[in-house]
Structure formats: structure tokens, C-alpha cells
Amino acid sequence: MSLDSDVIVDRRRIRRKLTFWRVVASLVAIVAIVIVGVLATRSGPAALTASGSIARVNIEGLIRSDQQRVEALERLEKSSHAAVVVHINSPGGTTAGSEQLYDSLVRLKAKKPLVVVVEGLAASGGYITALAADHIVARQSSLVGSIGVLFQFPNFTELLKTVGVKVEEVKSSPLKAAPNGYEPTSPEARAALDALVKDSYAWFRGLVKDRRGMDEALLEKVADGRVFTGRQAVELKLVDQLGDEKSAIAWLVAEKKIKSDLPVRDFKLTPQFGDLTFLRAAASITFDALGLSSIARQIEQAGVAQAVDQFALDGMLALWRPAASN
């Protein structure tokens with residue numbers, strides 16, 4: 001019996017020591033993950049690369065207000081990158097988000113030479129973003145323009161009549177929360193929206209006129225809401241040159257005296273902890289070692305959740321998209 005007791009005690013002692021060192025190893029792994037994650041979040045991959053390079057910034061998809069993006073561009077201002085190439089492939093988004101991004105790029109341009117390359121699309125808010133640069137390069141088949149503003153809202157009035165539903169409301173004034181989609185839009189509400197759209201449109205037109213040096217006649221021609229190919233956009237002064245990233249870098253070398261042999265490195269605007277695959281895997285292994293397998297599975301699946309894009313856009317839109325067929 002005594003021997004059995006000693007064996008049991010020894011096993012418990014070994015188990016406690018093993019658990020202790022597992023916890024220590026897990027804590028060390030977590031600290032390492034946090035340190036690398038903070039570096040990647042604050043400065044992007046550029047923090048781990050040599051200085052003296054050209055930063056490549058990608059603006060893709062719908063543009064919304066984004067404070068993380070603003071802060072990332074502010075960090076880029078203070079970085080050792082010699083210049084910035086901004087690649088744009090966006091149909092636009094909210095006018096407020098596009099204005100915020102434009103202002104951030106203008107501040108960045110005051111600190112570092114900046115050139116824009118239009119990939120597939122720079123329309124509406126995407127074109128507002130491009131206007132921050134002094135030089136815009138586009139591919140021949142890129143789509144550029146869509147200078148205009150819209151305010152869209154669904155109206156369910158006829159549908160509610162069909163199903164026999166009526167929405168009651170009490171509001172402080174006739175234009176409060178108008179239009180609401182549950183009743184016909186009143187002339188007063190439509191006039192109020194029209195004033196908002198025209199005011200934002202005037203701001204957009206003025207920005208194009210000032211930044212691209214257009215006269216009124218040319219501005220009238222390009223500001224009717226259409227998109228133009230890159231070839232057309234050069235003729236209309238919407239872009240400066242046809243080409244790609246190499247063309248943009250050649251302009252930086254010729255006009256901004258940037259060294260021609262500098263490497264181009266990606267600078268992420270909104271890096272997320274969950275986007276870093278190797279960190280997510282390390283975190284999963286760590287939590288598995290601690291016996292927290294359910295948390296580990298959630299971490300593994302986080303990347304999938306982040307890939308789901310939410311297309312709910314609120315407020316005034318500077319957005320281009322082909323009309324749906326009837």
C-alpha cells in the first residue's frame with residue numbers, strides 16, 4: 001500500500017510540474033504573439049522591413065469612415081518610407097468616408113511624394129480619393145469618374161397596402177425621419193433631400209475643378225455622373241497618364257527625385273490581429289495546450305467571419321454601380 005501511495009504522489013508531482021511548464025510555455029507564446037501583433041498593427045509589415053522604400057497602399061471596395069485607416073496613414077507620415085503609391089479599385093462609398101480618406105491622403109502628401117494608380121475602378125468616392133494626388137495614373141481600360149452624389153431609400157408603401165399593414169408614428173415635425181419608406185415621400189421631404197444632394201454635388205464638382213484645373217465647360221462635360229475609360233479620362237483631364245505602378249514610380253523618380261532602385265513594400269491600412277494567419281494559428285495552439293479548445297476553434301474561424309463584407313451604407317453616397325435590370 002505504501003508503495004502504491006508513493007507512486008500516486010510521484011505521478012501527481014510530475015503532473016503538477018508538467019502543467020506548470022505548459023502554462024509557462026503558453027504564456028511566453030502569448031507574449032510573443034502580442035508583441036508581434038502590436039508591431040504589425042501599428043506599423044504594418046513595413047515595421048519588420050528595412051527603411052528606405054516606397055510604400056504601396058491599397059484602397060479597395062466600399063469606402064466608409066474608418067478611424068483605424070486615418071491613424072495608419074498618420075503613422076505612414078512619420079515612417080521612413082521615401083514615397084507612397086496608392087492603388088485604387090473602388091466604386092466609392094459614403095461621401096463622409098470618401099472625404100475623410102481624401103483629407104488623410106492630402107496630409108500624407110504634404111509629408112511624402114504621393115502618386116495614385118487606378119486599377120479597375122476609381123468612381124465617385126473612389127475618384128474623390130484619387131484627387132488627393134498631384135499625379136494620377138490609370139490603365140487604358142480602367143473606369144474613372146462618376147462625379148455625382150445620390151441618396152437612395154426603399155419605399156414599401158405599395159407592399160404594405162398589399163399585405164394590409166400600416167405603420168403609425170408620432171413625430172415632432174413633418175420632416176423628422178423623412179423619408180421613412182413607409183409612406184409616400186412628401187414634396188417637402190423630397191425638396192430637403194434634393195438640397196442635401198445638390199450641396200454635396202457642388203462640393204464634389206468644386207473639388208474636381210480645383211484639383212484638376214478644369215474650366216466650366218470641361219467640368220460640365222465630365223460631371224454628369226458617367227464613368228470614362230482610362231483612355232477617355234486622359235483626354236478629359238481626369239487622369240494624367242496611362243500606365244501602371246512602374247509608370248507611377250517613373251514619375252516619382254523624374255518629378256520628385258526619388259531613387260529609382262528603392263523597393264516597393266505593402267503598407268496595410270487596417271491590419272487586424274485575425275488577418276495574420278500565423279498568429280491565429282499560434283494562438284489556436286496555445287489555447288489548445290491550455291485545454292481551451294472551444295476558444296481555439298473560434299480563433300481559427302475568425303478569419304472567415306472577417307471576410308464577410310457588410311454592405312449597409314448609411315448617409316449620403318458617392319457611389320457608382322450599374323443599375324439593376326428590371
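**Burial, helix ends and a nonpolar patch in the predicted chain**

Arg205 is buried, its relative accessible area being 14%, which places this residue under the 20% limit that defines burial. In this predicted model, Arg205 belongs to helix H6, which spans residues 187-212. When its neighbours within four places in sequence are left aside, the residues in contact with Arg205 are Glu216, Leu219, Glu220 and Ala223.

The chain as a whole contains eleven helices and ten strands, and of its 326 residues 37% are buried. Of the contacts between residues at least 6 apart in sequence, 77% join residues that are at least 24 apart. The accessible surface of the chain amounts to about 18700 Å², and carbon and sulfur atoms account for 56% of that surface.

Gly145, a residue of strand S6, counts as buried because its relative accessibility is 0%. Once residues up to four places away in sequence are excluded, Gly145 touches Ala122, Ala123, Ser124 and Tyr127, together with Arg226 and Val227. The C-alpha atoms of Gly145 and Leu121 are separated by 8.8 Å in space, while the two residues lie 24 positions apart in sequence.

Helix H9 comprises the twelve residues 245-256, and the distance from its first C-alpha to its last is 15 Å, close to the 16 Å expected at 1.5 Å a residue. At the N-terminal end of H9, Asp244 acts as a cap, with a side-chain oxygen placed 3.1 Å from the backbone nitrogen of Lys246. After the helix comes Lys257, which has a positive phi, near 60°. Within H9, the buried residues are Glu245, Ser247, Ala248, Ile249, Trp251 and Leu252. The elements that cover these buried residues include strands S1 (54-60), S2 (83-90), S4 (114-123) and S5 (136-138), as well as strands S8 (241-242) and S9 (264-266).

On the surface, Phe156, Leu159, Val163, Val165, Val167 and Tyr182 make a nonpolar patch of about 530 Å². Phe156, one of the residues of this patch, is located in the loop that runs between strand S6 (143-145) and helix H5 (157-163). Phe156 counts as partly exposed because its relative accessibility is 36%, a value that falls between the 20% and 50% limits for buried and exposed residues. The strand that precedes this loop, S6, is also the strand in which the buried Gly145 lies.

Key
Residues are numbered from 1 along each chain as its sequence is written. This is a predicted model: local features need pLDDT of at least 70, side-chain atom pairs count only at pLDDT 80 or more; totals for chains, interfaces and linings use all residues. Side-chain values use heavy atoms; hydrogens and water are left out. Patches are made of residues with over 30% relative accessible area and no salt bridge: like charges are joined within 9 Å, nonpolar side chains (Val, Leu, Ile, Met, Phe, Trp, Tyr) within 5 Å. Accessible areas come from the Shrake-Rupley method with a 1.4 Å probe; for residues, only the protein chains shown count as cover. A salt bridge is a side-chain nitrogen of Lys or Arg within 4 Å of a carboxyl oxygen of Asp or Glu. Helices (H or I, at least four residues) and strands (E, at least two) are DSSP runs, numbered from the N terminus. Buried means under 20% relative accessible area, exposed over 50%, partly exposed in between (1.4 Å probe, protein chains only). The expected span of a helix is 1.5 Å times one less than its number of residues. Contact means heavy atoms within 4.5 Å. A polar contact is a pair of N or O atoms within 3.5 Å; within protein, one must be able to donate a hydrogen and the other to accept it, and residues adjacent in sequence count only if both atoms are side-chain atoms.
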